[in-house]
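Student: Hi! Could you walk me through this structure? I'd like to see how the helices fit together.

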Amino acid sequence: MLGALDAYGYHDESAAALAAWGAGQRPDGSFGGAEATSSVLVALAAHVGLARDLALAEAMAETVAEAVQWIDRTHRSTGDGLLPAEPPTGRRFATDLRAVAGLRAGAAVLDAAGHPEAGADARGFADDLWAAVETALDGARDRWGTAAVPDGPDRPAGPGAGSTLAACALLGLPPGDPRVAATAGAVRDGGT
């Protein structure tokens with residue numbers, strides 16, 4: 001919704017919502033879970049980019065840095081580098097893909113706020129999480145016999161394929177990527 005506000009030029013309204021959202025950050029640095037935390041970072045980066053709102057980027061820099069660090073700590077806590085299960089859906093690759101996008105978005109906001117070292121850290125965290133996702137996807141491909149991105153590391157493509165495809169788009173994976181094409185096929189064939 002905030003991205004739509006910014007796309008249509010309602011930058012003040014989007015900024016107000018983002019500032020209010022920032023006030024809801026938990027003491028651990030999250031906004032409730034990996035999906036919610038990543039969504040805040042992605043929405044903020046889109047706003048900063050579209051509205052050129054460097055003042056909000058600067059005001060939210062500490063909030064962004066704490067959220068980025070929370071995602072990094074959380075994905076490192078599992079042993080395999082993926083994010084832990086979030087009730088009620090369990091472990092989902094869509095969550096991991098959104099978190100990579102969130103970390104990259106956090107890096108963009110930190111860069112815009114004049115904190116290039118923190119931005120570089122966020123990009124490094126994104127690279128580490130992406131490497132864990134790539135390893136898990138390779139294992140899933142071998143296990144399930146398809147390049148389609150499965151719902152999670154322990155289950156094949158199925159009801160979550162649409163959410164996974166949306167996360168691939170958010171991450172910017174190109175349409176020609178075999179995983180994207182296979183996941184789109186799963187959606188087309190009723191895997192949503």
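**Helices and salt bridges**

Tutor: Sure, and keep in mind that this is a predicted model. Let's start with helix α4 (residues 54-76) and helix α6 (residues 116-144), which pack at an angle of about 25° with their axes 10 Å apart.

Student: How do α4 and α6 run relative to each other, parallel or antiparallel?

Tutor: An angle under 35 degrees counts as roughly parallel, so α4 and α6 are roughly parallel to each other. Their crossing is left-handed.

Student: Which residues of α4 and α6 meet?

Tutor: From α4 you have Val68, Gln69, Asp72, His75 and Arg76, and from α6 Ala122, Phe125, Asp128 and Leu129. Sorted by class, that contact has four nonpolar, two polar and three charged residues.

Student: What does α5 do with α6?

Tutor: The axes of helix α5 (residues 93-112) and α6 come within 8 Å and cross at roughly 165°. Angles over 145 degrees count as roughly antiparallel, so that is the word for α5 and α6. The crossing of α5 and α6 is left-handed.

Student: And which residues touch there?

Tutor: On the α5 side they include Phe93, Leu97, Val100, Leu103 and Leu110. On the α6 side they include Phe125, Leu129, Trp130, Val133 and Leu137. The residues of this contact divide into 17 nonpolar, two polar and four charged.

Student: How do α3 and α5 lie to each other?

Tutor: The axes of α3 and α5 come within 7 Å and cross at roughly 40°. That angle is neither under 35 degrees nor in the 65 to 115 range, so α3 and α5 are oblique to each other. α3 passes α5 in a left-handed crossing.

Student: Who makes that contact?

Tutor: Among them are Glu35, Leu41, Val42 and Val48 of α3, together with Arg98, Ala101, Ala105 and Val109 of α5. By class, the contact of α3 with α5 has twelve nonpolar, four polar and two charged residues.

Student: New topic! How many salt bridges are there in the whole structure?

Tutor: A search finds eleven. As background, side chains of opposite charge can pair when their charged atoms come close.

Student: Can you show me one in α4?

Tutor: Try aspartate 72 and arginine 76, whose closest N and O atoms are 2.8 Å apart. These residues are four apart in helix α4, so about one helical turn separates them.

Student: Is aspartate 72 buried or exposed?

Tutor: Buried, with a relative accessible area of 8%. Its partner arginine 76 counts as partly exposed at 45%.

Student: What about a salt bridge between two helices?

Tutor: Glutamate 134 and arginine 179 meet in one, at 2.5 Å from N to O. Glutamate 134 lies in helix α6 and arginine 179 in helix α8 (residues 178-188), so the pair ties together parts that are 45 residues apart in sequence.

Student: Are those two buried or exposed?

Tutor: Glutamate 134 is partly exposed, with a relative accessible area of 23%. Arginine 179, at 17%, counts as buried, because the cut-off for buried is under 20%.

Student: And inside α6?

Tutor: Look at aspartate 138 and arginine 141, which meet in a salt bridge at 3.2 Å, N to O. Both lie in helix α6, three residues apart, about one turn of the helix. There is a network to look for too: salt bridges that share partners join Glu35, Arg92 and Arg98.

Student: Where is arginine 92?

Tutor: In the loop between α4 and α5. Arginine 92 is buried, with a relative accessible area of 16%. Leaving aside neighbours within four places in sequence, arginine 92 is in contact with Glu35, Arg98, Asp151, Gly152, Arg155 and Ser163.

Student: One last spot: where does aspartate 28 sit?

Tutor: It is in the loop between α2 (11-22) and α3 (34-51), and at 36% relative accessibility aspartate 28 counts as partly exposed.

Student: Which residues does aspartate 28 contact?

Tutor: Apart from neighbours within four places in sequence, aspartate 28 is in contact with Trp70 and Arg73. For a sense of distance, the C-alpha atoms of aspartate 28 and aspartate 189 are separated by 41 Å, and these residues are 161 apart along the chain.

Methods:
Residues numbered from 1 in each chain as written. Predicted model: local features only at pLDDT ≥ 70, side-chain atom pairs only at ≥ 80, totals over all residues. Heavy atoms only, no water. Axes fitted to C-alpha atoms, helices over the stretch in contact; angles between N-to-C directions. Left-handed = near helix turned anticlockwise from the far one by under 90°. Contact = heavy atoms within 4.5 Å. Nonpolar A, V, L, I, M, F, W, Y, C, P; charged D, E, K, R; others polar. Salt bridge = Lys/Arg side-chain N within 4 Å of Asp/Glu carboxyl O. Buried < 20%, exposed > 50% of the residue type's maximum accessible area, 1.4 Å probe, protein only.
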